[in-house]
Structures are given as C-alpha cells and as structure tokens.
Amino acid sequence: MIKKWLAALLAGALFATGLVVSGMTQPTKVIGFLNVAGIADPVRFGAWDASLAFVMGGALCVTLLAFAITPRPGRKPWLAESFQMPSRRDIDARLLAGAVLFGIGWGLVGYCPGPAIASLLTGGLDAIIFIASLALGMAAAKRFTA
C-alpha cells in the first residue's frame, strides 16, 4: 500500500514539475499557443507561441516509452492487482459536450485542471477562482446528470 502512495506522490510531483518548467501553468503562454490565427496574421492577432508544441512532443515521447515498458495485458501491473481499463468505447452527446466545454474553458482561461492545480502552489488568484469554478461545475454536473 505504501508503494502505491509513494508512486502516486512521485508521479504527481514529477507531473507538476513538468507543468511548471514547461510553462503550462502560465495562462498567457497557453492562450498564445492556442492563438493559431497569429500564424497567418501576427500583427492583427498577436504572435503564435509554438513552444508548447515541443512540450507536447516531449510528452508524446514519454508516453511512448511508458507504453513500451508497461506489462502486457494478461500480466499483473507493477503496483496493482489488475489493469483498470474503461469498458465504454462509444462516443455520445455527453462526451462531446464535455469535450467542447473543456476546449472552450481552456481557450478562454488558459488553464486545464492539472496545470491549475499546480498553479495553486504559486498562490495565483486566477488559479483559485478556476479551481473553485471547476469544483462547482463538477458538483452541478453530478447533480443534474445523474
């Protein structure tokens, strides 16, 4: 049990460090990356910030490595009794609506949940407001869609 907790703590700390170092906790940097109109007309729309594309490329490399060393199905994972795989594979209206809301929120505010939580360590009011709004939205969704 302690191994699971330590592994989760280490993974979370490593993830948060990566978010901070890469600039994903800076909403202006994220919004600059999402500003694809700046590719065509930087004077009118502002410059496009391509630096997060390298962050995504680095994350892809880490993911490919993780998949390469992950035990194959039918074998036991390192720190669990079994693999926990989702059973649903369909795309429904709730999934699409959630993806749209996530994208709109990310584009407007420049935060997604992981970087916002990491940003709480810096004490930014915008991150606190985002997390409070996220919690309120999750509670509302649970109440009205259950």
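A polar contact is a pair of N or O atoms within 3.5 Å. The model on screen is predicted, and the tour begins with one such pair.

**Stop 1: Ser22.** Select Ser22, which belongs to helix H1, a run covering residues 2–22. Show its side chain together with the backbone of Gly18: the Ser22 side chain reaches the backbone oxygen of Gly18 at 2.8 Å. Is Ser22 buried or exposed? With a relative accessible area of 17%, Ser22 is buried, because buried means under 20%.

**Stop 2: the surroundings of Ser22.** Now add Lys29, Leu52 and Val55. Ser22 is in contact with these three residues, neighbours within four places in sequence being left aside.

**Stop 3: Leu52.** Keep Leu52 selected and move on from there. Leaving out neighbours within four places in sequence again, Leu52 is in contact with Ser22, Met24, Lys29, Val30 and Phe33. Leu52 is also part of the largest nonpolar core, which has eight residues. To see that core whole, select Leu19, Met24, Val30, Phe33, Leu52, Trp106, Cys112 and Ala118.

**Stop 4: a patch on the surface.** Turn to the surface view and select Ile117, Leu120, Leu125, Ile128 and Ile129, which make a nonpolar patch of about 460 Å². Which helix gives the largest share of this patch? Helix H8, residues 125–145, supplies three residues.

**Stop 5: Leu125.** Finish on Leu125, a member of the patch that lies in helix H8. Its relative accessible area is 59%, so Leu125 is exposed, the cut-off being over 50%.

How values were computed. Residues numbered from 1 in each chain as written. Predicted model: local features only at pLDDT ≥ 70, side-chain atom pairs only at ≥ 80, totals over all residues. Heavy atoms only, no water. Helix = DSSP H or I, 4+ residues; strand = E, 2+ residues; numbered from the N terminus. Buried < 20%, exposed > 50% of the residue type's maximum accessible area, 1.4 Å probe, protein only. Polar contact = N/O pair within 3.5 Å; in protein donor to acceptor, adjacent residues only side chain to side chain. Contact = heavy atoms within 4.5 Å. Patch = residues over 30% accessible without salt bridge, like charges linked within 9 Å, V, L, I, M, F, W, Y side chains within 5 Å. Areas by Shrake-Rupley, 256 points an atom, 1.4 Å probe, with all protein chains shown as cover. Salt bridge = Lys/Arg side-chain N within 4 Å of Asp/Glu carboxyl O. Core = buried A, V, L, I, M, F, W, Y, C linked by side-chain atoms within 4.5 Å.
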